[in-house]
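Good morning, colleagues, and thank you for joining this short presentation. Please take a moment with the sequence and the structure before I begin.

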Amino acid sequence: MSAQYQVTGSSAASISASIEAGVRLGDWAWGDRLPPIRVLADSLHVSPATVSKAYQELRQRGIVESVGRQGTRIRARPAVASPRSALRLPVPAGALDLSAGDPDTRLLPSLGRHLRSVSDEVGPPMGYAAAGAMPELIDAARPRLAADGVPVDDAAITVTNGTLDAIERLLTAHLRPGDPVAVEDPGWANLLDLLGALGLTAVPVAVDDEGPLPDRLAAALKGGARAVVITARAQNPTGAAVTAGRATELRAVLSSNPEVLLIEDDHAAELAGVPLHCLGGATQSWAFVRSASKPYGPDLRIAVMAGDEATIARVVGRMRIGAGWVSTVLQRLLLRLWHDEETEARIAAAGADYDRRRRALREALAVRGVRARGATGINVWVNVEDETRMVTTLRDAGYAVAPGSLFRMEAPPGVRMTVSPIDDDAIEALADQVAAAAHPAAVPTASR
């Protein structure tokens, strides 16, 4: 338990409120473990059942998570506002931050002239009644998606405020708290946090370089999973991409479970560097989500979503009584970026740049006897025996990496390194430090 914070309360509601207040104030940090149920019950003079109910309420609100025999800990991104210093591990001053998972801002297209063009073309101020997904953007999105094999002929298309917004709306439109959702393991940490905040149960599905393992997905669906989230390419954190052969196998599994909601995440989109093998249409309810954040910039906050008419209609209807719509100013901006040849060329060059850096790091690590994955995307997943030792050793050497515990449930230990901040001439030195941390008793064997 946090040495700075003492839990108080005599009921489940007051105990959970006390712990939530500690998270909000920053007295509880990511990874801090709550005291064992009986220990806290004894100190507060309440029954273990009362403390157990308090912990359950915190789990359902996405503030804490269970970690098996290790008990209960604060989530990496608890569903309550708290100081940034309380979230994940702090990056030391002067360290190269390889933990964030952000694209290289040096490779993002400039938005200035396009924003000026949008400003010039915007007509009279828009009211509530006329707002929504712009027909021009939907018309432009349809052939772009069709060219990648997304079955859009009979699909509906809309836009959301990014990938997580799309996934949240899809899950809440189809599922109820407590429902199980099949997710990749290791998988996207933000998605795991979202499931926790929604009160949904994550069911791990092992993933290799070709995507989720079909037999593990089949087992998850047989066990009652009502939805599945699959990353099409540039899987976070491993870089996996669904191949043509794997897509055939996955479609067979999914078609045997037609009632399951299928969500495909193509967050890397134009940066992926490998063909898309879409699974859309394998189930009755499906959605394919393509974000603009990685190629065009995280601040753009737009994702295009295609899916069956009923699923998309639910999302659009829920948006109308909530956020309303994605700003048409941002929609117009994305449309201009899509039609700009210079921007498209810049994004293609950025994709090649990420591919080069990612391959160079994997090869440098392989020479030093370190196993790493990263077939596509901007991340490299390094298998390690001891995450804590790897994270702390690299931190002391001037590198911040993300511990695998953020991303995995049953998968073996690892760390994620984002290649975006790494310049070519820094890769060898980084590989030396990773090898030294992975094999502390050995001397790096790479020749310069």
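I should like to start with one pair of residues: threonine 231 stands opposite aspartate 265, which lies in β9. Please keep in mind that this is a predicted model.

The strands behind this pair are β8, residues 227-231, and β9; they run parallel to each other and are joined by five bridges. Resting on the sheet is helix α7, residues 189-198, which touches β5, β6 (201-208) and β8. The direction of α7 makes about 165° with that of β5.

Let us now move to the other partner of β9. Strands β9 and β10 also pair in the parallel sense, over five bridges. Here glutamate 264 has phenylalanine 288 of β10 as its bridge partner.

How many residues of β10 are buried? In this strand, residues 285-291, the count is seven of seven. The side chains divide between two directions: Ser285, Ala287, Val289 and Ser291 point one way, while Trp286, Phe288 and Arg290 point the other way. Both groups are buried.

In which sense do β10 and β11 run? Strand β11, residues 303-307, is antiparallel to β10, and five bridges connect the two. Within this pairing, valine 289 is found opposite methionine 305 of β11.

We can now place these strands in the whole sheet. It is an open sheet of eight strands with mixed pairing, and the order is β4-β11-β10-β9-β8-β5-β6-β7. At its edges are β4 (156-160) and β7 (211-212), each of which pairs on one side only.

A further helix belongs in this picture. Helix α6, residues 163-174, lies across β4, β5 (180-185), β8, β9, β10 and β11. Relative to β9, helix α6 runs at about 180°.

I shall close with a single residue outside the strands, asparagine 257. Where is it placed? Asparagine 257 sits in the loop that leads from α9 (244-255) to β9 (261-265). Is this residue buried or exposed? Its relative accessible area is 16%, and the limit for a buried residue is under 20%; asparagine 257 is therefore counted as buried.

What does the side chain of asparagine 257 reach? It comes to 2.8 Å from the backbone oxygen of valine 253. Once neighbours within four places in sequence are set aside, asparagine 257 is in contact with Leu221 and Thr283.

Thank you for your attention.

Terms used:
Residues numbered from 1 in each chain as written. Predicted model: local features only at pLDDT ≥ 70, side-chain atom pairs only at ≥ 80, totals over all residues. Heavy atoms only, no water. Helix = DSSP H or I, 4+ residues; strand = E, 2+ residues; numbered from the N terminus. Buried < 20%, exposed > 50% of the residue type's maximum accessible area, 1.4 Å probe, protein only. Polar contact = N/O pair within 3.5 Å; in protein donor to acceptor, adjacent residues only side chain to side chain. Contact = heavy atoms within 4.5 Å. Pairing = 2+ DSSP bridges. Axes fitted to C-alpha atoms, helices over the stretch in contact; angles between N-to-C directions.
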